[in-house]
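Welcome! Please take a moment to turn the model around on your screen before reading on.

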Amino acid sequence: MFLILSASIFSRPTVAVLSDGSGAGYSPGETVSLCEQVTKGLQSSNRVVLVERARLNEALKEILRKEAGLGCDSSKCVKDIGGMLDAEYLLFVRPAKGKGQSPFEVYLRLVRTQGATILSSVTVKERTFEK
């Protein structure tokens, strides 16, 4: 019993990091670059298991084929992506302030895939944004 309990205490949640679309004057490529930076930060924390980018891209293509016209804000899409990736959480990332404006702001939204529940929405401010 101790082994089962300690395994559940120390297990790390599985998270998929997704772009929440481009915006505020940023191109889709720049938004993807931002997602990669967030992913690297999470990876270095060693607190979560991250879904590989290739698996994530394949799942998104499949979802888009199945549910053309529905945005990923729909609860069904969130559940489908989480299920395909075995991800407990989806972290949506998007620039929150116009390009070139300072301080740089990033909007983060953490969603639990089971029930498609938004757990947290925050705007993070940084003085600089380095690629």
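The paragraphs below go from the overall layout to the cores, a pocket and a few single residues.

Keep in mind from the start that this is a predicted model. The protein chain contains four helices and five strands. If you begin at the N terminus and walk along the chain, you meet these elements in the order α-β-α-β-α-α-β-β-β. The protein chain has 131 residues, and 33% of them count as buried. Its exposed surface comes to about 8200 Å², with carbon and sulfur atoms supplying 54% of that area. Contacts also link distant parts of the sequence: among contacts in the protein chain with a separation of 6 or more, 55% join residues 24 or more positions apart.

Now look inside. The largest nonpolar core has 15 residues, and the members that touch the most others are Ala16, Leu85 and Leu90. Two or more residues of this core come from each of strand S1 (14-19), helix H3 (53-66), helix H4 (75-85) and strand S3 (89-95). H4 gives the largest share, four residues. A good place to see how such a core is held in contact is Leu90. Beyond its neighbours within four places in sequence, Leu90 is in contact with Ala16, Leu18, Val78, Ile81, Arg109, Leu110, Val111 and Thr113. There is also a second, separate core, made of 14 residues, with Val15, Leu50, Leu91 and Phe104 among them.

Leu50 is a useful guide to that second core. Leu50 sits in strand S2, which covers residues 49-50. Along the chain, Leu50 and Val15 are 35 residues apart, yet their C-alpha atoms are separated by 5.0 Å. Not counting residues up to four places away in sequence, Leu50 touches Val15, Val17, Thr39, Leu42 and Gln43.

Some of these names return in the second largest pocket, whose volume is about 220 Å³. Its lining is made of 15 residues, and those nearest the centre are Val15, Leu42, Leu91, Leu108 and Leu110. Helix H2 (28-45), S3, strand S4 (104-112) and strand S5 (117-126) each give two or more residues to this lining. H2 provides the largest share, four residues. Sorted by class, the lining of this pocket holds ten nonpolar, four polar and one charged residues.

Next, compare a few single residues. Is Thr14 buried or exposed? Thr14 belongs to strand S1, and Thr14 counts as buried because its relative accessible area of 16% is under the 20% limit. Leaving out neighbours within four places in sequence, Thr14 is in contact with Val49, Val51, Asp86, Ala87, Glu88 and Tyr89.

One of those partners, Asp86, leads us to a detail of the backbone. Most residues other than glycine have a negative phi. Asp86, however, is not a glycine and has a positive phi of about 55°. Asp86 lies in the loop between H4 and S3. With a relative accessible area of 60%, Asp86 is exposed, because that value is over the 50% limit.

Asn46 offers another example to look at. Its phi is near 60°, a positive value in a residue other than glycine. You will find Asn46 in the loop between H2 and S2. Asn46 counts as exposed, since its relative accessibility is 53%.

Key: Residues are numbered from 1 along each chain as its sequence is written. This is a predicted model: local features need pLDDT of at least 70, side-chain atom pairs count only at pLDDT 80 or more; totals for chains, interfaces and linings use all residues. Side-chain values use heavy atoms; hydrogens and water are left out. A nonpolar core is a set of buried Ala, Val, Leu, Ile, Met, Phe, Trp, Tyr and Cys residues joined through side-chain atoms within 4.5 Å. Buried means under 20% relative accessible area, exposed over 50%, partly exposed in between (1.4 Å probe, protein chains only). Contact means heavy atoms within 4.5 Å. Accessible areas come from the Shrake-Rupley method with a 1.4 Å probe; for residues, only the protein chains shown count as cover. On a 1 Å grid over the protein atoms alone, a cavity is a set of points where a 1.4 Å probe fits but cannot get out, and a pocket is an open set with protein on both sides within 12 Å along at least five of seven lines; lining residues have an atom within 4 Å of a point. Grid points are joined across faces, edges and corners, and a volume is the space filled by probe spheres set on the points. Ala, Val, Leu, Ile, Met, Phe, Trp, Tyr, Cys and Pro count as nonpolar, Asp, Glu, Lys and Arg as charged, and the others, Gly among them, as polar.
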